[in-house]
Amino acid sequence: MDHEEEEIEIPNYFICPISLEIMKDPVTTVSGITYDRQSIVQWLEKVPSCPVTKQPLPLDSDLTPNHMLRRLIQHWCVENATRGVVRIPTPRAPPGKPNLTEEIKNLKKFAQEALGKEDTLKKLEVLAMEGERNRRLMCEGGVHKSLILFIVKYAREEEEEEGQHRIKGKLDESLRLLHLIGVPLNEARTILIENERILESLTMVLNQKDFMNKAYTIVLLRNLTENTSSHIVERLSAEIFKGIIGFLKDVVSRSNRVNPSVCATVQPSNSRVRNKAPSKLDHSVVIKQAVTAALMILLETSSWSRNRTILVDLGAVSKLIELEISSTGEKRTTELVLGILSRLCCCANGRAEFLAHRGGIAIVTKRLLRVSAAADDRAISILSSVSKYSPESEVVEEMASVSTVKKLCAVLSIDCSLSLKEKAKEILRDHIDEWKKFPCIDVALISKLLSSSPKDLLTEYYSRVGV
């Protein structure tokens, strides 16, 4: 019989209990069971216990290389090479816990001096890329706190001695590493309260030219302020808002120049320590996270009148409209943008800025009934504000020309919330006399919709769609 037709019998102890494949880098846990390194590391990131014995195994538990078993496997592979078995290479020693522990010890011992060394930040970044286990150890060792203090120091030095490439390089590396390891949710509030210079330093970074540093800073700012005192959020400086709005402006410019859909798949910012990190930090993912973080900060802070005035004065309304126009109506982004705009349109200056932008009413109308119930509610709130408090003939004419009236009629004709229907009715009722002047408007339909009860309209809708 030919070798190809022979069934190869693999010794059971060569097989990893998790992957059920031949082990390439066998390691033995403290529970006494041997696994392939990659398989057990991935397992422990999700379940901190031995798969076989169920004994608790923390993320930082020792994984002892089983050199004897690895040599036996390699020898067996060589003996069966003629049968198509490929010899496994000798694995490199991973830059795991021993190196990381040493770096954290040095950091605690020498504090800022250790971070200031040429290779310390690079070493920590490489270790952070290795996986959740290393990032968790870094947080437990207080690396994130040291990095924040380091950023505070170097942001101020760069401001005072602009043009020093070495300082900028250290600041870049610190922000990138802090983004990788994250800030534990339960420590974010304490960190911000204990060091009042943090916000000042982050403001300096936000108003510098480096685009990616702005992105890292906005995600960090969101993480720090998400669960902090409302007094701190309420009193964020105008310079912070200026930096955030400037970042959104840059995002729109980059999306129009490089990738029209850069805003289309914005991912939510996560204030917890992330479970996974890419083998190489993906700038596009960071930018998407930063856009969401920026919008969440603006939405939360726009609850206060003082902040709404600052945002309107800084041109936030037009930048938000342009951001939404440049996107493809991704659900979370649109909900956030419309939420902020609805709050800014609560003040006269905000409504004036909204109407001054030729794409404002058009993009809000376009998003109505296309994204989500939350987006619908915010869109109709914007249209209600501008039609009620800015009822100039130009506004009424624009609503007719960009099909706002047709969309409002659609709201009354379909199955949606009663509050949404009432707001749409109010807008139509207030301006029906003006819209009679436009041949494109079906006034008879509007009159019918306004005179019909919600129940009758719903019955008609169901009969039309065959329900």
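## A walk through the sheet, a ring pair and a cavity

Start by selecting the three strands of the open sheet: they run in the order E2-E1-E3, and their pairing is antiparallel. Keep in mind along the way that this is a predicted model. Now colour the outer strands, E2 (34-36) and E3 (64-65): each of these edge strands has a single partner, so one side of each is left without a neighbour in the sheet.

Next, pick strand E1, residues 26-28. Three bridges join E1 to E2, in the antiparallel sense. To see one end of this pairing in residues, show Pro26 and look across to E2, where Asp36 is its bridge partner.

Stay here and add helix H1, residues 37-46. Where does H1 lie? You will find it across E1, E2 and E3, and it runs at about 95° to E2.

Now for some rings. The structure holds three aromatic pairs. Select Phe14 and Trp76 and show their side chains: the ring centres are 5.8 Å apart and the planes stand at 75°, which is over the 60 degrees needed, so this pair counts as edge-to-face. Zoom out a little to see what the two rings connect. Phe14 sits in the segment before E1, while Trp76 belongs to helix H2 (residues 67-79), so the pair ties together parts that are 62 residues apart in sequence.

The last stop is empty space. Rolling a probe the size of a water molecule over the atoms shows where such space is left. How many cavities of 30 Å³ or more does the count give? There are three, and the largest has a volume of about 80 Å³. To find the largest cavity, select Leu178, His179, Tyr216, Leu220 and Asn223, which are the closest to its centre among the 10 residues that line it.

Then show helix H8 (165-181) and helix H11 (211-225), the elements that each give two or more residues to the lining of this cavity. Which of them gives the largest share? That is H11, with four residues. Finally, colour the lining of the largest cavity by residue type: six of its residues are nonpolar, three are polar and one is charged.

Key: Residues are numbered from 1 along each chain as its sequence is written. This is a predicted model: local features need pLDDT of at least 70, side-chain atom pairs count only at pLDDT 80 or more; totals for chains, interfaces and linings use all residues. Side-chain values use heavy atoms; hydrogens and water are left out. Two strands pair if DSSP finds at least two bridges between them. Contact means heavy atoms within 4.5 Å. Axes are lines fitted to C-alpha atoms, for helices over the stretch in contact, and angles run from 0 to 180 degrees between N-to-C directions. On a 1 Å grid over the protein atoms alone, a cavity is a set of points where a 1.4 Å probe fits but cannot get out, and a pocket is an open set with protein on both sides within 12 Å along at least five of seven lines; lining residues have an atom within 4 Å of a point. Grid points are joined across faces, edges and corners, and a volume is the space filled by probe spheres set on the points. Ala, Val, Leu, Ile, Met, Phe, Trp, Tyr, Cys and Pro count as nonpolar, Asp, Glu, Lys and Arg as charged, and the others, Gly among them, as polar. Rings of Phe, Tyr and Trp (its six-membered ring) pair if their centres lie within 6.5 Å; planes under 30 degrees apart count as stacked, over 60 as edge-to-face and the rest as tilted.
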